[in-house]
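Student: Could you take me closely through one part of this model, the pairing of strands in a sheet, and then set that part in the context of the rest? I would like one connected account rather than a list.

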Amino acid sequence: MTLLDVAGLRTEFATPTRAVAAVDGLSFQLRPGEILGLVGESGSGKTVACRSLLRLLPSRRARIAAGTVMFENRDLMRLSEAEMRVVRGRDIAMIFQNPASHLDPVFTVGDLIAEPLIWHFGESRRAARKRAVELLRQVGIPDPAGQIERYPHQFSGGMKQRVMIAAALACEPKILLADEPTTALDVTVQAQILRLLLDLRDRTGLAIVLVTHDIGVVAETCDSVVVLYSGRVMECGGTQDVLTRPRHPYTRGLLDSLPTTAARGAELPSISGYPPPLDRLPQGCRFHPRCRFAIDRCRREPIELETVDDGHASACVRWREVMEVGP
Amino acid sequence: MHRFKFVLYRPIQLLPVLIGVSIVTFILVQLIPGDPARILLGAKATPEAIAEVREKFGLDQPLVLQYVHFMKNLLQGELGRSIIYRAPVLSVVEQRVAPTLFLLIYGVVLSVLLAVPLALAAAWRAGSSVDQAVRVFSTAGIGLPAFWLGIMLMLLFSIELRLFPVSGYGEGALSHLHHLFLPALTISIALAPVLVRNLRATLLAQLESDYVSAERAKGLPERAIYLGHVFRNSLIPTVNLLGVNVSWLIGGTVVIESVYSVPGLGQLMVSSIFGRDYLVVQAVTLMFAIGVILVNFFVDIVTVALDPRVEM
C-alpha cells in the first residue's frame, strides 16, 4: 500500500529573467512505516522538495509547475489553501533543521505543542496542554509536567528538537517530513534524535521522509533512498541496494568521500567541482561536468531514470560500468 | 516571576542617575550668564544690596557647598520661590504636572491606536494599495512640523467646524479628553508614522522568520500566525522605540502646549525661560528628567513581560 505517491514533481523559482527549476521530475513512493531518505549536497533541491510536498514555499517566488502528490486519493498540489491547511500538521507534519529558530521564542513549549491540537481538533487549551505533557514524555523529555511552562531558549539544542517533534506528533500524523533534523546538533545528540525517530516509527507506524546530506545517517535509518543532484533524481532504490551497489557516479562519489578507518592516512576522495547554479544548468545530464564517466551523449541530452534492478533506478547511461571501475 | 525582581532593585540603581540629573540641573542654572542677585534686584541695585542678597542666598559660598545646600532643600521639597508667580516653586510645578501627563498619555494612546492597525494592514500584504496608502500617510506625518500642523488642525476643527475648543484644559476627565483631543492628535500624527514604519518593517522581517514556516507546517491559518506569533514578536522592538520617542516627546510638549495653551509643564517652561524664572526652569527640567527615567523603567518592565528571553 502506498501512503504518499509523488510523481514528476517540478518546483520553479522566479528569477528576474526567467523561472528556474529547483526540483525537476521528482518521483517516489512512501509506504506506512517506511523511512525514505532524500539525500544530496546543499542546493540539490532536497529541502525545496520537502517543502513542496506541504506547499510551504513562498507563493510569490516559488510555484509547483508540474507533478502530482497523491495522498489518500487526493492530489495535494490541487487542493485549495484551506484544504491544504487541514492536511498540514494533522496528516503530514514537518520538523526543521534548526530547532532554535523554528520555535517561536515568546511561546511556552506547552503552548507550541498544544497549538495544533487546538486548531485542528478544537480542543480546549487545558486539554491540549495536558496532552502536551504526554507528548513531551513520549519524546523523552524528563519531568514533562514541569517543562510545559518553560520557553524554548531554556532548552538545549537536542531538547528543542524533541519539543519540535512533540509538536509535530501532536495530531498523530501519518507522515513526518524531517528536514535535516540532526544537522544542527552534536553527534551524540544526533544519534539520540535518530533513535527517537526510529522508535516512533516502530511504535506508531509513522512514515518519515528524512532530508539529509549525510549518507551515514541514511545508512543507519532509511529503508529507501532518493539521491538528488541539482534538483534531479540521480538514483533511487532500497538503501541496501543503493549504498552497497551504487549505479550512479554521483552516489558513488558521495560514498567514496565518506571517511573510513581503512583508508586512514590516505587523502579523502572528493567529487571535484561544485554543483552548477540553477540559472546556469549544463545541457544534458546536470552532473556531467563533474563526472569522470561522462560521454558525448551525457553532454547532449538529459538522461532519464532507468531501472537497473528490482526497485532500483539510476539516471546514468553507464550505470553498468560505475561499479566495475576502481576509484 | 524572578525575572521581574529588577522592579524592586532598579529604583536603587537609579539613585546615581538621579544624583547626576540633580547635578546637571544645578549646574545649568549656574551657567546662565549674569549674576542671579543682580537679576533679582534689577539693574539699578547698589553693590551693598547685591552683596547682601548674595550672602542671604548663599551665593557667595563655594559651588560644592551650594550644591549640598540645594540637595538638602530638594529632598525637603523646597525648591525656592518663583519670581513670576510669587509662590513656592513646588506648588507652581505641581499644578502643571497633571495636564502634561494627561496630554502625554492621551497622545501616546492615540498614536498606538492609530499605528498598530495601520502597520498590521500595511505589512499583511507588502506592496499592496493599502501598504502604499499607509506609506503616504506616514511620510506626510513625519514631514509636517508639529507647530504648523497644530495651527492647521485648530483652524479647521476649532474655528471652522467648532468641534473642539481652541485651547485650555477643561474641568473633569471628559472635558480634558475634549480639550486635549487636538493636541493629542497633533502628537499622534507626528508619533504614529514613526511607529508605523518601525512596526511594519519589523512585521515584514518577522514574517520571514523560521518559526513562521514551522507554524505554517502545523496547519495554523495565516491570520492566526500573523496576529498570534508575528505581531507579538514584532511588538518587542516597537515598544522600545516608543519608549525613546516618549522620552523625546516629554520635551516636545513645550511646542504643543504653547500652540494649544495647555497649562502644563511645557508651557510653564517656556514662560519661565522668558521671565527668567530660573528656579522654575530648574524644577521643570528636573521633572522632565525624572519623567524620562520613569518612562525607561516602564519600558523595561514591558520588555520583560513581552520577551521571555530578556533578563534585567
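Tutor: In this predicted model, strand 1 (residues 4-14) of chain A and strand 4 (residues 62-71) of chain A run antiparallel and are joined by eight bridges. Two of the pairings give a feel for the register: Leu4(A) stands opposite Phe71(A) in strand 4, and Arg10(A) has Ala66(A) of strand 4 as its bridge partner. Arg10(A) also stands opposite Asp24(A), which belongs to strand 2 of chain A, and this residue therefore serves as a useful landmark when you follow strand 1 of chain A, with strand 4 to one hand and strand 2 to the other. Strand 1 of chain A pairs with strand 2 of chain A in the antiparallel sense over nine bridges, and these two strands form a hairpin with four residues between them.

Taken as a whole, the sheet to which these strands belong is an open one of four strands in chain A, in the order 2-1-4-5, with antiparallel pairing. Strand 2 (19-30) and strand 5 (74-75) of chain A stand at its edges, and because each has a single partner strand, one side of each is left without a neighbour in the sheet. Helix 1 (residues 46-53) of chain A packs on this sheet, where it touches strand 1, strand 2 and strand 4 of chain A, and its direction makes about 70 degrees with that of strand 2 of chain A. In a regular strand the side chains alternate between the two faces of the sheet.

Chain A also has an open sheet of eight strands, in the order 6-7-8-3-9-10-12-11, and here the pairing is mixed. Its edges are strand 6 (92-95) and strand 11 (306-309) of chain A, each of which has a single partner strand, so that one side of each is left without a neighbour in the sheet. From one strand to the next, the twist averages 20 degrees. Within this sheet, strand 10 (residues 232-238) of chain A and strand 12 (residues 312-314) of chain A run antiparallel and are joined by two bridges, and Glu235(A) stands opposite Ser314(A) in strand 12 of chain A. At the strand 6 end of the order, helix 6 (residues 157-169) of chain A lies across strand 6 and strand 7 (175-179) of chain A, and runs at about 170 degrees to strand 6 of chain A.

As for domains, chain A is divided into domain 1 (30-62 + 80-91 + 177-261 + 271-327) and domain 2 (98-172), whose C-alpha centres lie 30 Å apart. Ten residues of domain 1 of chain A are in contact with twelve residues of domain 2 of chain A, and on the domain 1 side these residues divide into seven nonpolar, two polar and one charged.

Chain A in turn meets chain B, in a contact that takes 24 residues from chain A and 19 residues from chain B. On the chain B side, helix 10 (210-217) and helix 11 of chain B each supply at least two residues, and helix 10 of chain B gives the most, with seven residues. The residues on that side of chain B divide into seven nonpolar, five polar and seven charged.

Chain B itself has 13 helices and zero strands, and its C-alpha atoms fill a box of roughly 85 × 55 × 35 Å, taken along the principal axes. An unreviewed UniProt entry lists residues 97-299 of chain B as "domain: ABC transmembrane type-1"; in the model that span is 84% helix and 0% strand, with its end C-alpha atoms 21 Å apart. UniProt, again in an unreviewed entry, places the feature "transmembrane region" at several stretches of chain B, including residues 239-260 and 280-306. Residues 239-260 of chain B are 95% helix and 0% strand, with end C-alpha atoms 28 Å apart, while residues 280-306 of chain B are 100% helix and 0% strand, with end C-alpha atoms 39 Å apart.

Helix 11 (residues 222-259) of chain B, which contributes to the side of chain B that touches chain A, also packs against helix 13 (residues 278-306) of chain B, at an angle of about 170 degrees and with the axes 9 Å apart. The two helices are therefore roughly antiparallel to each other. Among the residues that meet are Leu235(B), Val239(B), Gly243(B) and Ile250(B) in helix 11 of chain B, and Phe288(B), Val295(B), Val299(B) and Leu306(B) in helix 13 of chain B. The residues of this contact divide into eleven nonpolar, seven polar and no charged.

Note on methods
Residues are numbered from 1 along each chain as its sequence is written. Chains are lettered from A and ligands numbered from 1 in the order in which they are written. This is a predicted model: local features need pLDDT of at least 70, side-chain atom pairs count only at pLDDT 80 or more; totals for chains, interfaces and linings use all residues. Axes are lines fitted to C-alpha atoms, for helices over the stretch in contact, and angles run from 0 to 180 degrees between N-to-C directions. Angles under 35 degrees count as roughly parallel, over 145 as roughly antiparallel, 65 to 115 as roughly perpendicular and the rest as oblique. Two residues are in contact if their C-beta atoms, placed from the backbone, lie within 7 Å. Ala, Val, Leu, Ile, Met, Phe, Trp, Tyr, Cys and Pro count as nonpolar, Asp, Glu, Lys and Arg as charged, and the others, Gly among them, as polar. UniProt positions are given in the numbering used here, feature names are shortened, and annotations may be inferred rather than shown by experiment. Two strands pair if DSSP finds at least two bridges between them. Domain bounds come from an automatic or database domain assignment.
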